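User: I would like to learn how to read a few features of a structure, from a single helix up to the surroundings of a ligand. Could we take them one at a time?

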Amino acid sequence: MDIKNRLKELALKNGMDMLGVASVDRFDGSPEGCHPTEILPGCKSVIVVGVRLLDGIIQANFRSFEDGRSDLKGLYGTYGYALLPNYELTYACYTVAQTLERELGEVATPLSTGPMTNGRQISLRHAAVAAGLGEFGWMSIVLTPEFGPRNRFGVILTTAELAPDPMYGGEPLCNNCGICVKACPIGAIGARGTEDKHSCKLGDKEYTYATVNMARCFVVEHALRKEYGGKEDLVENDASMQEVGAALAKLPISDSGLQHADSWHCGRCLSYCPAGKWKEHFRDRKLSNH
Ligand code: B12
Ligand code: SF4
Ligand code: SF4
């Protein structure tokens, strides 16, 4: 079995649903400090692993959003956001990196996967698109054909020269429905037709997606107001990132998880996006009223 198939098999055995490879030239145009060779000198390939989120956990979000069961929201925090997907991604990245170093004698640097694993080095979204796993949806995160946006990604940089996968070239995955824009309770995702958008070139493809207002998203995700599940109104809805930062710094240590401050209070855009057979997964099984 060639090394790429072996890595893929390894990733699947370690809980992943997908693995793709991008050649490093697809990262020309990365912002300063975020190019793979600035993190691993001599990097030739960027390997991306991805894991789907459980339907049963997305449906727990629906119980919270549609039935007022905010007591179930922590399930998303554990199994869909902060804890499990990141640990699984971290283990899978580690195993793939160990195999590349042990069997090929190459260097492999696994990157952070999200909350709980110390920061971000490159944009995992751009890497997932460059590795052929999917396309940017209007909401700015990556849609895959099978799971829509309900995936999380991890990256391994390596000096090994692996055959790159083709970039996704199938039917467009985002149908421009605007559901993500309407589902967002704080207007964080730029409406279509506005200038609130980004364009970027990856390989020979050009992509456009909405700008996501990070301060606004933080207000909801961290429940900094009562209407989003918080204990008090700590900031206004249109707070600046500085005001959000100051409010986060004052939050008491959370007693409901491993994060200092819980950041899993939303996920509406990801839960309601119809890409990836949403109807069959959720509406036909009567898991959502929408
Ligand atoms: C910080 C962060 C957030 C912040 C801020 C996001 C933001 N808009 O900056 C907040 C809290 C808002 C957030 C929210 C969510 N997030 Co988040 N987040 C991240 C994190 C940790 C870092 C993002 C980042 O700063 N990237 C680095 C900077 C440089 O990239 P950037 O600002 O996006 O890039 C700009 C430029 O620098 C340039 N660029 C950057 N890289 C490159 C490369 C090339 C070649 C080019 C040409 C250009 C270019 O393009 C952009 C536009 O100008 C990533 C993990 C990661 N490491 O990527 C997860 C990540 C993006 N989040 C994820 C998820 C799931 C979510 C939520 C759904 C969580 C939830 N609530 O359930 C929401 C979705 C909100 C939304 N609609 O986007 C997933 C997305 C998975 C997917 N399917 O694509 C990621 C990839 C984590 C993971 N491990 O999978 N997130
Ligand atoms: S996670 Fe929630 S607040 Fe953030 S962009 Fe998505 S819907 Fe809006
Ligand atoms: S909700 Fe609709 S517009 Fe938004 S990313 Fe998904 S398919 Fe695209």
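User: Which residue follows helix 5, and what is the sign of its phi?

Analyst: This is a predicted model, in which local features need pLDDT of at least 70, side-chain atom pairs count only at pLDDT 80 or more, and totals for chains, interfaces and linings use all residues. Residues are numbered from 1 along each chain as its sequence is written, while chains are lettered from A and ligands numbered from 1 in the order in which they are written. Helices (DSSP runs of H or I, at least four residues) and strands (runs of E, at least two) are numbered from the N terminus. Helix 5 is followed by Gly 105, with a positive phi near 70 degrees.

User: Where do the buried residues of helix 5 lie around its axis?

Analyst: An α-helix has 3.6 residues a turn, so residues three or four places apart point the same way. Here Pro 85, Leu 89, Ala 92, Cys 93, Val 96, Ala 97 and Leu 100 are buried, where buried means 20 or more other C-beta atoms within 10 Å of the residue's own, exposed means 12 or fewer, and C-beta atoms are placed from the backbone. Seen down the axis of helix 5, these buried residues fall within an arc of 130 degrees (taken from the directions from the helix axis to the C-beta atoms), so they line one face of the helix. The face turned away from that buried side carries the exposed residues Arg 102 and Glu 103.

User: Which elements do the buried residues of helix 5 pack against?

Analyst: Packing is read from contacts, that is, pairs of residues whose backbone-placed C-beta atoms lie within 7 Å. The partners are helix 1 (3–13), helix 4 (73–81), strand 2 (45–52), strand 3 (108–110) and strand 6 (151–158).

User: How many residues surround ligand 2, and which are the closest?

Analyst: A residue counts as near a molecule if its C-beta atom, placed from the backbone, lies within 6 Å of it. For ligand 2 there are 13 such residues, the closest being Cys 184, Cys 217, Val 220, Cys 266 and Cys 269. Two or more residues each come from helix 8 (214–221) and helix 10 (268–272), and helix 8 gives the largest share, three residues.

User: Which residues come nearest to ligand 3?

Analyst: Ligand 3 also has 13 residues around it, of which Gly 137, Cys 174, Cys 177, Cys 180 and Cys 273 come nearest.

User: What share of the protein is buried?

Analyst: Buried residues make up 42% of the 290 residues, in a protein with 11 helices and eight strands.

How values were computed: Two residues are in contact if their C-beta atoms, placed from the backbone, lie within 7 Å.
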